[in-house]
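Me: I'd like to go through this model and ask what backs up each label. Can we start with the ground rules?

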Amino acid sequence: RQLLLDCGIGVSTSSTSDLASEPVVSQHRVLLFCQLKSMLDIVENDLFKTNMPSVTYLRLDGSTPAGSRHSIVHRFNNDPSIDVLLLTTHVGGLGLNLTGADTVIFVEHDWNPMKDLQAMDRAHRIGQKKVVNVYRLVTKGTLEEKIMGLQKFKLTIANTVISQDNSSLSTMDTGQLFDLFTVDKEGKREEQHEAQDNNKRKMSEQYETEYNLDNFIESLN
């Protein structure tokens with residue numbers, strides 16, 4: 001709740017007039033991601049409906065009919081009066097353009113860090129004109145802390161592998177790069193002929209060894 005209030009969401013007009021001495025927080029719009037629909041139910045019922053009734057929101061999860069999902073996305077992007085879009089990471093974290101929001105909040109986190117990064121990118125799309133801020137809610141000593149540690153471990157491994165590939169390419173000079181895409185026809189023909197001769201020689205030796213009658217008779221004795 002406090003995070004949403006800091007973003008200027010759910011702040012009533014009377015409360016802002018009473019706190020005229022404090023700087024007024026500009027209005028932001030939020031994408032709020034959870035892993036499970038049950039957690040979205042908790043946020044919707046216990047937070048918005050009970051404690052922040054002035055917040056306007058839409059919801060997009062697995063129970064939302066496929067035919068109405070595009071209209072929900074279009075309405076959120078084009079209606080500034082909607083403060084929050086509630087989503088599950090599996091449904092709303094891929095393939096959607098949600099540039100109407102400039103704030104991303106993760107209430108729950110995925111074991112796969114790439115899924116969370118994909119969810120962040122819903123606001124980082126072409127047409128976004130604002131700075132996008134991402135917040136993760138993590139409680140110390142809980143499963144969420146272990147998930148974040150595992151995410152960091154996986155990202156470290158991925159970055160290490162990718163950086164090694166990139167460094168190997170960056171250390172190659174122009175001639176070496178051209179060699180990767182150049183085929184020496186004459187050299188290739190010589191290698192092919194040499195390989196064919198070796199195969200013939202091996203087959204001949206194998207034939208002489210296996211089908212030599214004298215050797216066969218000696219093996220019987």
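Reply: Sure. A residue is called buried when its relative accessible area is under 20%. Keep in mind that this is a predicted model.

Me: Why is Asp-116 called buried?

Reply: Its relative accessibility is 0%, and the cut-off is under 20%, so Asp-116 counts as buried. You'll find Asp-116 in helix H6, residues 113-120.

Me: What makes the link between the side chains of Asp-116 and Arg-136 a polar contact?

Reply: The distance is 3.2 Å, and the N or O atoms of such a pair have to be within 3.5 Å, with one able to donate a hydrogen and the other to accept it. The pair is therefore listed as a polar contact. Leaving aside neighbours within four places in sequence, Asp-116 is also in contact with other residues, including Gln-35, Thr-89, Phe-106 and Gln-151.

Me: And Asp-83, buried or exposed?

Reply: Buried: Asp-83 has 10% relative accessibility, and the limit is under 20%. Asp-83 is in the loop between H4 and E3. Beyond its neighbours within four places in sequence, its contacts include Ile-9, His-28, Val-55 and Phe-76. Asp-83 and His-28 are 55 residues apart in sequence, yet 7.4 Å apart in space, C-alpha to C-alpha.

Me: What makes E1 and E4 a pair?

Reply: Two strands pair if there are at least two bridges between them. Strand E1 (residues 30-34) and strand E4 (residues 103-106) have 4 bridges, in the parallel sense, so they qualify. One of the bridge partnerships joins Val-30 to Thr-103 in E4.

Me: How do you know which strands are at the edges of the sheet?

Reply: The open sheet has 5 strands in the order E2-E3-E1-E4-E5, with parallel pairing. Strand E2 (57-60) and strand E5 (133-136) each pair on one side only, which makes them the edge strands. On average, neighbouring strands are turned by 20° against each other, direction ignored.

Me: Which helices pack on the sheet, touching E1, E2 and E3?

Reply: Helix H3 (residues 37-51) does, and its direction makes about 155° with that of strand E3 (84-88). Helix H4 (residues 66-78) does too, with about 150° between its direction and that of E2.

Me: What is the mean pLDDT of the protein chain?

Reply: The mean is 76, and 66% of the residues reach 70 or more. Over residues 15-26 the pLDDT is below 50, and that stretch has 6 contacts in the model beyond near neighbours in sequence.

Technical notes. Residues are numbered from 1 along each chain as its sequence is written. This is a predicted model: local features need pLDDT of at least 70, side-chain atom pairs count only at pLDDT 80 or more; totals for chains, interfaces and linings use all residues. Side-chain values use heavy atoms; hydrogens and water are left out. pLDDT is the predictor's confidence in each residue, from 0 to 100. Contact means heavy atoms within 4.5 Å. Helices (H or I, at least four residues) and strands (E, at least two) are DSSP runs, numbered from the N terminus. Buried means under 20% relative accessible area, exposed over 50%, partly exposed in between (1.4 Å probe, protein chains only). Axes are lines fitted to C-alpha atoms, for helices over the stretch in contact, and angles run from 0 to 180 degrees between N-to-C directions.
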